[in-house]
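Student: I would like a close look at a single part of this model, namely the place where the ligand is held. Please take it slowly and keep the account connected.

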Amino acid sequence: MEKYKGYQCSKCGKFYPPQDILYLCPEDGGVLDVVLDYEKINSETTPEKMIGSSDNSAWRYLPLLPVSDPGNRETPLGAVGYTPTYRSDRLAEKLGLMDFWVKDESSNPTGSFKDRASSLLIARAKEIGSEVIVTASTGNAGAALAGMAAAVGQRSVIFAPKTAPPAKIAQLLVYGAEVILVDGNYDDAVGLAVQASEKFGWYCRNTGYNPFTAEGKKTAAFEIWEQVIYANDLEKPLCVFVSVGDGNIISGIHKGFRDLNQLGWLKQMPRIFGVQSEGSAAIANAFEAGNEEILPVSADTVADSISVDMPSDGLRALRAATQTEGAYIKVKDTEIIKAIAKLGKVGVFAEPAGATAFAGVEEALSQGLIKADDPVLALVTGSGLKDVKAAMQSVEAAPIVKPDLEEVIKVVGK
Ligand SMILES: *Cc1c(COP(=O)(O)O)cnc(C)c1O
Ligand SMILES: [Zn+2]
C-alpha cells in the first residue's frame with residue numbers, strides 16, 4: 001500500500017495512480033506532482049506533533065512524505081535537513097528590512113540543499129527495490145546522491161559536465177560513486193543519464209524528471225513554516241527568496257507550502273521569489289514576458305549550480321512565483337559574487353548559487369517588489385567550500401608579511 005494517492009501532471013492535469021516507476025506525463029512530457037492523501041495525514045498527525053518531534057532531521061516530517069521510513073537514521077541519511085535558520089538583524093539593518101532570516105543549507109551532510117532530494121530518492125529506491133540510481137548533475141545533485149548512496153551502501157552512477165568545479169568532482173569520487181564526466185554541458189549530461197537509465201534499467205534521479213525529488217525538497221518549506229512562520233506567528237506573508245536553475249528547488253518549496261495549506265496548517269501562503277543570474281534566466285524571461293512559454297537560453301554564469309540552458313522544471317518553477325504573488329528577479333554575476341562576501345560577514349559561507357537568493361533580495365528591494373516591513377527569508381543553497389575560486393573573487397587577497405612584527409604593524413596600521 002503506497003503512502004500517496006498518485007501523480008498529477010503539471011501541464012494537462014491528468015491523474016495517474018501510483019506505480020513503481022513513472023517519470024514524466026506519458027501524454028505530454030509534463031512534470032508530475034505527487035498527490036498526497038491529506039485526510040489520512042490529518043487523521044494520523046497534527047502540527048503540534050510534528051513540531052514536537054525529537055528527530056532533528058528532515059525525517060521529522062515523514063508523515064507528510066510519500067515514502068516509508070528508510071531507517072539508517074544513524075548514518076548521514078539521518079542528518080539531512082532541519083538546517084539552521086538565522087535571524088540576522090545586522091543584514092536586516094543594512095538592507096533596510098525589519099525582519100530578515102537566512103536559512104543555511106550548507107550544513108547538510110554533503111554541503112548543499114540537494115541532500116533533501118537524494119535522501120528521499122534513496123528511500124524510494126529501497127521501496128521499489130532499485131539497486132542502482134543514476135543522475136545527471138552540475139555537481140551538487142551528484143554529490144548528494146553519491147553521499148547518500150554511500151551512507152546506505154547503495155550503488156550510484158553520476159554524469160557531470162567535465163567543467164564542474166573540482167571540489168564537486170572530488171566529492172563524487174571520494175564518496176565512491178561511478179563518475180562519468182561528459183565532454184559537454186549539463187543538458188548533455190541530463191540526456192545521457194536518461195538514456196543510460198533506460199538502457200540498463202537504473203532508477204533515474206534527474207531533476208525535473210523524477211517526481212520524488214521535489215517531495216524531498218519540500219521539507220525545506222516545512223522547516224521554514226516551523227522555524228519562522230509558526231515560531232514567530234507572522235502576520236504578513238513571508239517573502240521567500242530562492243535561487244533557480246532547473247526550477248526544482250522552488251517547485252518543491254511551493255509544493256511544501258501547498259501541502260501545509262491543504263492540510264489547514266498554514267493559513268497564509270508565503271510569497272515565493274525566484275532569483276536567476278542574468279546569464280541563465282530562462283524562467284525569469286518568461287515571467288517578464290508575462291506568459292508560460294519558457295524558451296532556452298545559452299547559459300553563461302559564474303553560478304555553476306544554476307547554469308541551465310533549458311530548465312527541466314520551468315513551468316512549475318514559474319507558477320511558484322505567479323501563484324503566490326511573488327516574482328522572478330535577475331541579478332548580475334558581479335552582484336552574486338559581492339553577495340558571497342556580504343553573507344560571509346554574518347558567518348554564512350555560500351557558493352555563488354547559494355548567495356544568489358540574497359543578491360535577489362537587494363534587487364527586489366530596489367525594484368520596490370518588497371517593502372521594509374515585509375518579513376523576508378533568503379535560502380542559502382550550497383556551501384562556499386564547493387567553489388573556492390569564486391569565493392576568492394569576492395574578497396581582497398590577504399597581505400603576506402615576513403615573520404617580523406614591524407611588517408605586521410605596517411599592515412595593521414594602514
Ligand atoms: C541545484 C542548486 C540550485 C538550483 O536548484 P534548481 O532546482 O536547479 O533550480 C541552487 N543552488 C545550489 C547550490 C544548487 O546546488
Ligand atoms: Zn500531462
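To begin with, how many Å separate an oxygen atom of ligand 1 from a polar backbone atom of Gly-247?

Tutor: The structure is a predicted model, and in it the separation you ask about, between a polar backbone atom of Gly-247 and an oxygen atom of ligand 1, is 2.7 Å. Taken by itself, ligand 1 would expose 380 Å², and 98% of that area is buried by the protein. The contact with Gly-247 has company in the residues that precede it in the numbering: Asp-246 places a backbone N or O atom 2.8 Å from an oxygen atom of ligand 1, and for Gly-245 the distance from a backbone N or O atom to a ligand oxygen atom is likewise given as 2.8 Å.

Widening the view from these contacts to the shell, one finds 16 residues surrounding ligand 1, with Lys-114, Asn-140, Gly-245, Gly-247 and Thr-381 as the closest. Sorted by class, this shell consists of eight polar, four nonpolar and four charged residues.

The space that holds the ligand can be described in its own right, since ligand 1 sits in the largest cavity. That cavity has a volume of about 280 Å³, and its lining is made up of 27 residues, those nearest the centre being Lys-114, Asp-246, Ile-249, Ser-305 and Ile-306. Lys-114 thus appears both among the closest residues to the ligand and among those nearest the centre of the cavity, while Asp-246, which has the backbone contact already described, is also one of the residues nearest that centre. In terms of class, the lining of the largest cavity comprises 13 polar, 10 nonpolar and four charged residues. Three helices, α5 (140-152), α10 (248-263) and α14 (352-366), each provide at least two of the lining residues, and α10 contributes the most, with three.

For context, the search of the whole structure returns two cavities of 30 Å³ or more. The second largest cavity has a volume of about 40 Å³, and the residues lining it are Ala-58, Trp-59, Leu-65, Val-80, Arg-116, Ser-119, Leu-120, Gly-216 and Thr-219. Helix α4 (residues 115-128) supplies the largest share of that lining, three residues, and by class the lining divides into five nonpolar residues, three polar ones and one charged.

The open pockets should be kept apart from the cavities in this account. The largest pocket has a volume of about 450 Å³, and 24 residues line it, with Val-31, Pro-311, Ser-312, Asp-313 and Gly-314 closest to its centre. Two helices, α7 (186-200) and α12 (314-322), each give at least two residues to this lining, and the largest share, four residues, comes from α7. The classes represented in the lining of the largest pocket are 11 nonpolar, seven polar and six charged residues. The second largest pocket, for its part, has a volume of about 240 Å³, and among its 14 lining residues Pro-161, Thr-163, Asn-185, Tyr-186 and Ser-307 lie nearest the centre. Its lining contains six nonpolar, five polar and three charged residues.

To return to the part you asked about, ligand 1 sits in the largest cavity, with 98% of its exposed area buried by the protein, and one of its oxygen atoms is 2.7 Å from a polar backbone atom of Gly-247.

Note on methods. Residues numbered from 1 in each chain as written. Chains lettered and ligands numbered in written order. Predicted model: local features only at pLDDT ≥ 70, side-chain atom pairs only at ≥ 80, totals over all residues. Heavy atoms only, no water. Near = heavy atom within 4 Å. Polar contact = N/O pair within 3.5 Å; in protein donor to acceptor, adjacent residues only side chain to side chain. Areas by Shrake-Rupley, 256 points an atom, 1.4 Å probe, with all protein chains shown as cover. 1 Å grid on protein atoms, 1.4 Å probe; cavity = no way out; pocket = protein on both sides within 12 Å on 5 of 7 lines; lining within 4 Å. Sits in = over half its atoms within 2 Å of the grid points. Nonpolar A, V, L, I, M, F, W, Y, C, P; charged D, E, K, R; others polar. Points joined across faces, edges and corners; volume = space filled by probe spheres on them.
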